[in-house]
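Visitor: Could you take me on a close look at a single part of this model? I'm a first-year student, so please keep it friendly and walk me through how that part fits in with its surroundings.

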Amino acid sequence: MSLFQKLIHIDRRIIFILIFFGTAVPLLLVLNLPVEVTKNVKNVYKMVEETPEGSPVIISFDYDPSTKPEIQPMAVAIIQQSLRNKLKLICIALWPMGVQLCNEAFEQVLPLFPEVKYGIDYVNLGYKAGGMVTINHMAKDLPSTFPTDAGGIPIDEFPIMKGINNFSKIGFVVGLSAGDPGLKQWVMVVHDAYGRPVAGGSTAVQVPYLLPYVNEQQQLTGLVGGLKGAAEYEKLINQPGFATKGMDAQSVAHLIIILLIVIGNVGFFITKRTK
Amino acid sequence: MALIMERIGIWVGAILTFAIFSFLYRDNPFYKIAEQIFIGISAGYWFIYTIYNILIPNLFTPLLTNFSANLLLLLPALLGILMLCRLIPRIDWVSRYSIALVVGTTAGLFFKRYLQSDVINQMNATMINPFSAPDLAATIGQLILIIGTVTGIIYFFFSKKHEGVFGGTARVGIFFLMISFGAAFGYTVMARISLLIGRLDFLLGDWLGIIKP
Amino acid sequence: MRRQIPLFITFFIGTIILVSEFIPHKPFGNISTTLGGWFLIISGFAIILGQLNLFKVNLTKISRKAPNWQYYIISLVCFLIMLVCGILWGTLRQPGLLYNSEGLVAFFGLKPFDYIFKYLFENLSATMFSLLAFFMASASYRAFRARNAESTLLLVAAVLVMLGRTTIGSTLTGWIPDSLTYLHLPNIANFIMEYLNTAGQRAIMICAGLGVIGSSLRIILGIERSYLGGR
């Protein structure tokens, strides 16, 4: 058996160890490689910046802890920028675990904004099932879709919800999405049927499928994709966080995988030639 | 006390993390236990949140506070109960009434939304003038975008045999689809590595305190 | 009655919703809004059905002593613990039967339900999905081969995107002069994503969209009936 044949048949657990340490070591030895900001991320940032102060906006937490490392940094960054710009944040979740993750994101951000009050500057309306049908119902009658917040308090007790009956007064919707229901459904209803701007953040897996919506019609105003997108957003708001910290490890892990692909292919061609 | 409980929580989290990682070596009882804890907690979480965030505010509270004004809500309540009858094999067919409403609503809404967002708007987004693009790269890109979309659609047209000019065009479409799948693979790798980074950050940061938060 | 009435309900409701999308005025608009509210409530019951079914299936496995039945006891116990914690002490701002139980919150730092979610579930869920990183690396090594033109395109696109969408891409080609900026790896990755990937994905999206429209119509007209089940 040649060296390459042996290499091709190595125990997969050796590859696992390689990936484990290849990701862990850069987390310990910070390389601080430069993060370049892309157009789609800049567009989301610009949309939030250009929304007039005091506008109510919706942030939808449509993900769960399995994708938290990718999406939570975006949530934290977008909430931070929105609160800095004095926007009123109406938070909802189309995934039940989004309610808790929304709460965690605010716990992280609120110490920076001691003046921000629940019910006045932000509210967590909780989880609703039903995906696109529920978003469509919100567009027609938001108070009957969300009669209370996540804690069971009627929404008419919150000043932030005064006069919000549908999407007409909503500045924009940001969907933080890990799948279905998520950003696709927000685009289909809020932008395509009601003409309000929609932007969002998604897991890297979803990016290729969502990109066709970033077009001249601005079905999606912009898209923050995966950990790299989150790192770009952290750079834009000038608050490096988890995503920025993770980019070195991400780069090294990618290099290892590319190396594995190259070795696998070289072995494949050499074996093929000898046959 | 809360601080001690937080430390205990982090330790339990770390132990469960290793229990799941142990599957990388081979299937074992520790992994199975962690897997069942995951399923149990997840089911309980969904149950509680459905009750607190959907059934209480949207059904029970309106019925209990103003019954006469919300009389009509008895109908979805009944359909919901019929849905639960699926658990009783002898009468599980009654759940079809509720499923019919759900399927009917979804079908009606999807028809219009997909037509508008995924068909008409996507066609509009492809009908662009590449020669009005700001630079050469964008012009080439937009030309590629038009050719790729049209040939890709031709590939999915199976009512005509893929041969001759039609077959050649469909083959160009396959190339575009392959590049899309390659890009999707690249992004999937990126996503999975990010999740691993999240785990390692927890182990090295929250648990061991080697890296700063 | 077992099949005809559900088929009629689907036809009637599907048609009303569809018409209301084009004519959003009375009476269609109002009916559609009401149906949207009903859908939400029935979806809630459907979720409850799913959890109860899981409980039933696990209980059956335990009572029949199916292989590895002992493990299913763990999932049932965890399910019940979450229910008890949620019902008695509530979640986040939501009070439970024993209201907010400040004493317990002071002890745990969080409500018991939230504590279990944060320290047990979050770690379990995130780790479960991070396993895929390892399997993906192994699969890339063993199965990702440039066997023909199509797979070579797939491979090259994947490698360029993997390089271009990380910081290493900028570092590796950061020295390239401005006149050759299109060779900069992040720009190549952006070009692939913006044009080549979008073209392929858009073709899939349009065709899948047409498929959804066809299926919706078949369901509304009662041609597609598989959702009603066997009998």
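Guide: In this predicted model, buried residues make up 59% of the 275 residues in chain A. That's our way in, so let's stay with chain A for a while. Its secondary structure comes to eleven helices and six strands, and its C-alpha trace spans about 75 × 35 × 35 Å along the principal axes. Look at who touches whom inside the chain, too: among contacts with a separation of 6 or more, 74% are between residues 24 or more positions apart.

Now zoom in on one strand, E1 of chain A, which covers residues 56–62. How many of its residues are buried? Seven of its seven, so the strand counts as mostly covered. Here's a handy rule to carry along: in a regular strand the side chains alternate between the two faces of the sheet. You can follow that along E1(A). Pro56(A), Ile58(A), Ser60(A) and Asp62(A) point one way, while Val57(A), Ile59(A) and Phe61(A) point the other way, and all of them are buried.

What does E1(A) pair with? One partner is strand E2 of chain A, residues 88–93, which runs parallel to E1(A) and is joined to it by five bridges. If you want a spot to put your finger on, find Ser60(A), which stands opposite Ile92(A) in E2(A). Another partner is strand E4 of chain A, residues 173–177, and this pairing is parallel as well, again over five bridges. Here the spot to look for is Asp62(A), which stands opposite Ser177(A) in E4(A).

Next, trace the chain from E1(A) to E2(A). Helix H4 of chain A, residues 68–84, belongs to this stretch, and E1(A), H4(A) and E2(A) make a right-handed β-α-β unit.

H4(A) also takes us outward, to the neighbouring chain. In all, 47 residues of chain A are in contact with 41 residues of chain B. Elements giving two or more residues to chain A's side include H4(A), strand E3 (122–127) and helix H10 (226–236). The element that gives the most is H11(A), with seven residues. Sort that side of chain A by residue type and you get 27 nonpolar, 13 polar and seven charged.

Let's follow H11(A) a bit further, because it's also listed among the packing partners of a helix in chain C. That helix is H6 of chain C, residues 149–164. H6(C) has 16 residues and reaches 22 Å from its first C-alpha to its last, close to the 22 Å expected at 1.5 Å a residue. Its buried residues include Leu153(C), Ala157(C), Leu160(C) and Gly164(C). The buried residues of H6(C) pack against H11 of chain A and H6 of chain B, together with helix H7 (167–172) and helix H8 (185–220) of chain C.

One last stop is in chain B. Helix H1 of chain B, residues 2–21, has 20 residues and reaches 28 Å, close to the 28 Å expected. Among its buried residues are Gly9(B), Gly13(B), Leu16(B) and Phe21(B). The buried residues of H1(B) pack against helices H2 (29–65) and H6 (164–207) of chain B, together with helix H5 (112–143) of chain C.

Technical notes: Residues are numbered from 1 along each chain as its sequence is written. Chains are lettered from A and ligands numbered from 1 in the order in which they are written. This is a predicted model: local features need pLDDT of at least 70, side-chain atom pairs count only at pLDDT 80 or more; totals for chains, interfaces and linings use all residues. Helices (H or I, at least four residues) and strands (E, at least two) are DSSP runs, numbered from the N terminus. The expected span of a helix is 1.5 Å times one less than its number of residues. A residue is buried if 20 or more other C-beta atoms lie within 10 Å of its own, exposed if 12 or fewer, and partly exposed in between; C-beta atoms are placed from the backbone. Two residues are in contact if their C-beta atoms, placed from the backbone, lie within 7 Å. Two strands pair if DSSP finds at least two bridges between them. A crossover is right-handed if, with the strands pointing away from the viewer, the path from the first strand over the helix to the second runs clockwise. Ala, Val, Leu, Ile, Met, Phe, Trp, Tyr, Cys and Pro count as nonpolar, Asp, Glu, Lys and Arg as charged, and the others, Gly among them, as polar.
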